[in-house]
Structure formats: C-alpha cells, structure tokens
Amino acid sequence: MTSETITRNVTTQSWFDQARFIPPDAIFALTAQYAADRSPQKVNLGQGTYRDEHGNPWVLPSVRESRKLLSKELNHEYLPIIGLADFRNEAAKLALGAELFQKQQDKLATCQSLSGTGALHLAGLLLRACKTPLPKVYIPEPTWSNHHQVFSSLGFQCESFKYYNPETKDLDIESYYSALKSAEPNSVFIIHACAHNPTGCDPSKEQWRELAHLFKERQLFPLFDAAYLGFNSGNVDSDAFAIRLFIEEMNLEAGVCLSFAKNMGLYGERVGCFLLATSTEEAAVKTQSMLEMLQRSEVSNPPAYGAKIASTILADDTLRQTWHDDLVTMSSRIRSMRTELYDSLVTSAAPGTWEHLIRQSGMFGFLGLSPSVVLKLREKYHIYMADNSRISIAGLNKQNVDYVGKSITDCLKQE
C-alpha cells in the first residue's frame with residue numbers, strides 16, 4: 001500500500017472537533033442585523049451606546065480637551081502591571097468621594113482593568129483564589145447578560161434571584177430581601193450600583209439601607225457593577241450613594257467594578273478599574289499583590305491611552321467640571337427622550353399603562369412587550385430592540401421618537 005493510499009484512507013480530524021458552536025452574542029447580532037437593514041426609517045435601540053440628538057456618536061468635549069493635552073507629550077511605554085497609578089487613585093476617589101477615599105486609602109486594593117467586564121473578571125479571579133470552597137454568586141434576574149458568562153466561566157455556581165416584577169413593572173424589593181435572607185453566609189451578590197441594566201429600576205435610599213443591613217447581618221459580599229456613575233443622574237455623588245453607604249456607613253468589605261465606557265464615551269478604549277475596600281491594611285496589601293499576579297497572567301499590562309484620557313480629566317479641576325457638564329448633557333437628553341416616548345405612547349392611545357417608563361432611570365428602558373411584538377417591530381417597522389424589549393433610550397431622538405411610539409401602539413393594537 002502506498003503512502004498516498006494511506007493518506008486517502010485517514011479521515012481528516014482536528015484537535016477542535018469537540019468544540020461547540022456558540023451562537024453570536026444577541027445584542028451584537030442585533031446590531032449587525034440593523035446595519036444590514038437598508039430601510040431609511042430604521043431605528044437602533046439595541047446596543048447601549050450614547051447617541052446625540054442626530055443619532056450620531058458623541059465625543060465628549062472633556063475628552064477632546066484631554067486628548068489635546070496628551071498629544072503634547074504622549075508616549076507609548078508600558079504601564080505598570082496594575083495600571084496607571086494616577087488613574088487608579090482618581091477612579092477610587094471618584095467612586096468613594098474625596099473624604100472617604102482619604103480615610104480608606106490604606107485599606108484599598110485597586111487594579112486597572114479592561115473596562116467593566118475586565119473588572120468583573122478580575123474580581124472573580126480574586127474571589128476564586130481567596131475563598132474555599134467557592135462561594136455561590138447570586139445575580140439579579142433580569143441582568144446584563146455577561147454577568148452569568150463571566151462568573152460561570154470561572155467555575156462559580158451562579159444563581160438568579162428575582163429582581164423585577166413584570167406585573168407591576170417595578171423593582172421586586174421583597175424578593176430581593178428574601179434572597180439575601182436565605183443565602184448562605186459568604187455568598188457573593190452582584191449589585192448594579194445605579195441604572196439597573198436592563199430594567200432601569202433602582203432601590204430607593206431607604207431600600208438601599210435595608211439591603212446594606214441585610215448584607216452585614218448575613219455576612220454576604222457585595223460586588224458592585226458600577227458602569228454608569230454620573231451617567232445615570234448627571235451627578236456622580238448621587239449615583240455612588242449605595243457604594244459609599246455600604247463601605248462607610250455599614251463598614252462592609254466590598255468590590256467595585258468601574259467602567260468609563262458610558263460616562264466618558266470611551267467605549268473602544270476599554271477603560272476600567274477594580275476597586276476592593278478591605279477591613280484591614282494587611283488584607284489590602286495582600287490582595288493588591290494578588291491582583292498584580294492575576295493581571296500579569298491575563299493581560300500582562302493594561303492599555304494606556306484611555307486611562308491617560310480619564311486620569312487627565314479627573315485630575316484637572318477645569319476638565320473635571322467640563323466632564324460634569326457633559327454628564328448633565330447626556331443624562332438630560334436621555335430623560336427628555338424617555339418623557340417624549342411616554343407622551344407619544346399615551347397620545348397615540350397605546351394599550352396598557354406606561355408610567356413605568358418615566359419611573360425608570362438611566363440609559364435603558366424596559367418596555368414590557370411580548371416577543372411577538374418585538375419581532376413585528378423589527379420586521380415591519382425596522383425598529384431594533386433586545387428580545388426582552390429592553391431599549392437604549394439614547395437611541396431615540398426628535399426625528400424618530402414619535403415614529404417609535406406610534407409603531408409600538410400599532411403593533412399592540414394588532415395583537
């Protein structure tokens with residue numbers, strides 16, 4: 001038998017024959033569908049990125065000025081493994097406030113990350129390395145889809161708890177309390193610091209206080225996903241209320257996963273920071289060293305440019321004030337679009353009640369539409385939203401908001 005015959009008889013195999021096909025991420029697949037749609041009336045309410053009143057990406061004035069300053073002396077050297085020191089300090093100061101930062105800084109461990117996703121992953125790696133057996137991770141239902149993926153990929157058992165009541169279209173605070181009361185001590189809870197994604201429903205200050213008491217009483221670990229500080233209300237201090245309450249008033253250890261994608265528009269720069277508030281200086285030193293080791297094994301050194309933009313803005317009084325003005329611009333436009341959509345739905349006599357839209361806050365609106373209505377909006381009216389009817393309010397503007405409202409009304413009346 002010739003070698004040629006042997007080669008023909010051997011079935012071609014790959015090392016990766018057992019790989020599973022994973023469907024594309026739903027939101028990014030939806031964005032691709034939108035991009036391929038040739039309708040002049042198409043509306044993208046899927047992906048959570050800020051758009052201006054003309055539907056275009058917006059580079060913040062504070063970011064433009066920061067880039068000008070950086071261009072004068074920008075180099076491309078490696079950052080330290082744990083990231084730009086000025087950025088890490090300014091990010092921690094932003095989350096905690098200057099006064100609490102001063103009191104807490106010797107008990108803090110911080111590490112620059114690849115946006116909020118990277119911060120969550122670093123937090124998971126640290127928790128996995130420090131806790132045996134692995135704690136259970138509780139995640140609100142519904143939530144940002146990547147929460148489950150990040151922690152399950154690290155080997156954690158993830159359990160959903162009811163966060164939202166579809167009947168009242170509001171936060172189900174009693175179910176939240178119940179989940180905390182029944183969880184085993186040392187369990188981890190993922191908390192949206194503000195502007196809950198996808199529902200836009202946040203606890204009140206009084207409810208946050210009750211939640212914090214339960215965390216302390218039940219010895220649970222709070223891990224804040226803080227992707228929208230300042231972007232939610234236009235005021236960083238208001239949006240950071242829960243973080244500061246847990247760490248300062250309740251004296252809890254807590255993790256905070258910061259992202260500057262939304263609140264500075266630095267989506268593609270992947271600027272984030274993981275902040276750990278510990279109870280002792282010794283714990284801070286040890287966990288800082290572990291974060292450095294974990295970062296080294298994952299990305300070696302984080303990217304510099306976006307961190308330098310953010311750090312320049314946060315450290316300069318004039319630029320920081322400009323950024324605060326930018327936050328007001330973005331959050332105010334989103335609030336006005338939320339109100340205009342509500343007005344359009346009411347004026348066009350859309351079936352049902354719509355007060356939940358103006359009770360919600362932040363970038364996202366949770367409409368409460370059935371999958372069939374969502375599909376009809378996509379196929380007939382070229383309006384793209386997540387299958388659970390979460391919409392990015394930032395995708396609305398004066399030119400399309402009434403069209404969206406009337407299209408929703410038409411679909412509901414045809415049901």
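Visitor: What volume does the second largest pocket have?
Guide: About 520 Å³. Keep in mind that this is a predicted model.

Visitor: Which residues are closest to its centre?
Guide: Leu127, Lys131, Asn186, Phe221 and Glu253, out of 20 residues that line the second largest pocket.

Visitor: And which elements supply at least two residues of that lining?
Guide: Helix 6, helix 9 (205-218), strand 10 and helix 13 (281-298). The largest share comes from helix 6, with three residues.

Visitor: How does the lining of the second largest pocket split by class?
Guide: There are 12 nonpolar residues, five polar and three charged.

Visitor: OK, now the largest pocket. How much space lies in it?
Guide: About 980 Å³. The largest pocket is lined by 38 residues, and Ile27, Phe28, Trp144, Asn197 and Arg390 are the closest to its centre.

Visitor: Which elements give two or more residues there?
Guide: For the largest pocket, these are helix 2 (26-36), helix 6, helix 7 (146-152) and helix 12 (261-264). Helix 2 has the largest share of that lining, six residues.

Visitor: Classes again, for the largest pocket?
Guide: Its lining has 16 nonpolar and 15 polar residues, plus seven charged ones.

Visitor: Helix 6 came up for both pockets. What does helix 6 touch in the sheet?
Guide: I'll set out the sheet before the helix. Seven strands make an open sheet with mixed pairing, in the order 2-10-9-8-7-3-4. Strand 2 (108-114) and strand 4 (158-162) are the edge strands, each pairing on one side only. From one strand to the next, the twist averages 25°. Helix 6 (residues 115-130) packs on this sheet and touches strand 2, strand 7 (188-192), strand 8 (221-226), strand 9 (254-259) and strand 10 (271-277).

Visitor: What angle does helix 6 make with strand 2?
Guide: Their directions make about 130°.

Visitor: Which strands does helix 8 touch?
Guide: Helix 8 (residues 173-182) touches strand 4 and strand 7 as it packs on the sheet. The direction of helix 8 makes about 145° with that of strand 4.

Visitor: Back to the strand 4 edge. Do strands 3 and 4 pair in the parallel or antiparallel sense?
Guide: Parallel, with five bridges between strand 3 (residues 137-141) and strand 4.

Visitor: Which residue does Glu141 stand opposite in strand 4?
Guide: Glu141 is opposite Lys162.

Visitor: And what holds paired strands together in general?
Guide: Strands of a sheet pair through backbone hydrogen bonds, in either a parallel or an antiparallel way.

Note on methods:
Residues numbered from 1 in each chain as written. Predicted model: local features only at pLDDT ≥ 70, side-chain atom pairs only at ≥ 80, totals over all residues. Heavy atoms only, no water. Pairing = 2+ DSSP bridges. Helix = DSSP H or I, 4+ residues; strand = E, 2+ residues; numbered from the N terminus. Axes fitted to C-alpha atoms, helices over the stretch in contact; angles between N-to-C directions. Contact = heavy atoms within 4.5 Å. 1 Å grid on protein atoms, 1.4 Å probe; cavity = no way out; pocket = protein on both sides within 12 Å on 5 of 7 lines; lining within 4 Å. Points joined across faces, edges and corners; volume = space filled by probe spheres on them. Nonpolar A, V, L, I, M, F, W, Y, C, P; charged D, E, K, R; others polar.
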